[in-house]
Amino acid sequence: MSETPPRWHGPALYLGILAFWGMVAAVGLPRGDFANYWTAANLWAEGADLSQLYDYRWFTDQSARLGFGDQLVGFAVLSPPSALMVAPLLPLGLHGAQIAWMILQGLFALGIAAVLCRWLRRPLWMGPALLLAMAPILRTHLEQGQFHLPVVLLLTLGLWAWTRQQDRWAGISLGLAI
């Protein structure tokens, strides 16, 4: 791919990224699993007894106290370290953290697309096109506020590094993903 890309590649990349961010904005703030991460991170920061994380009634009461009302929550399928992903966002408050989380999710998705394009030696405009093709899946993920995208980004980076004989970076990326 040493030849100069066609002139339309730049505008296509820009429009694809713009359309992707439009989708992220249209989804709005996360309304699902983000409550689990936010509540657990707050409890950790408050120094609460985390042995109660898996007690549904107690966890639901804590979630309601932290601003999620009667939303269905539960930490049963999550591990305590998963809450630490949201901990750096605590100073932003609930609303600010939700906005920051959506921005981070968008950056993680674009990062995955960029790594895949580089790995497969495809033009960068194909990354946002891939994300837009996956819009129904991404929409559900974004609505829930889950953190699969950072994990997928780390896995993608790790496998790409491994195929390029960058064992140290592959190990670091894969280790962080796990």
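Here is a walk through the fold, one helix and the largest pocket.

This is a predicted model, in which local features need pLDDT of at least 70, side-chain atom pairs count only at pLDDT 80 or more, and totals for chains, interfaces and linings use all residues. Residues are numbered from 1 along each chain as its sequence is written, and side-chain values use heavy atoms, with hydrogens and water left out.

Start with the overall fold: the protein chain has eight helices and zero strands (DSSP runs numbered from the N terminus, H or I of at least four residues for helices, E of at least two for strands). Its C-alpha trace spans about 60 × 40 × 25 Å along the principal axes. Of the 178 residues, 40% are buried, meaning under 20% relative accessible area with a 1.4 Å probe, protein chains only.

Now pick out α7. Its 16 residues should span 22 Å at 1.5 Å a residue, and its end C-alpha atoms are indeed 22 Å apart; the expected span is 1.5 Å times one less than the number of residues. L149, P150, L153, T156, G158 and A161 are buried in α7, and the buried residues of this helix pack against α4 (93–119), α6 (135–144) and α8. After α7 comes Q165, with a positive phi near 60 degrees.

α7 also leads us to the largest pocket, since four residues, the largest share of the lining, come from α7. α2 (34–46), α7 (148–163) and α8 (167–177) each supply at least two lining residues. Y37, S82, F147, H148 and V151 lie nearest the pocket's centre.

Note on methods
On a 1 Å grid over the protein atoms alone, a cavity is a set of points where a 1.4 Å probe fits but cannot get out, and a pocket is an open set with protein on both sides within 12 Å along at least five of seven lines; lining residues have an atom within 4 Å of a point. Buried means under 20% relative accessible area, exposed over 50%, partly exposed in between (1.4 Å probe, protein chains only). Contact means heavy atoms within 4.5 Å.
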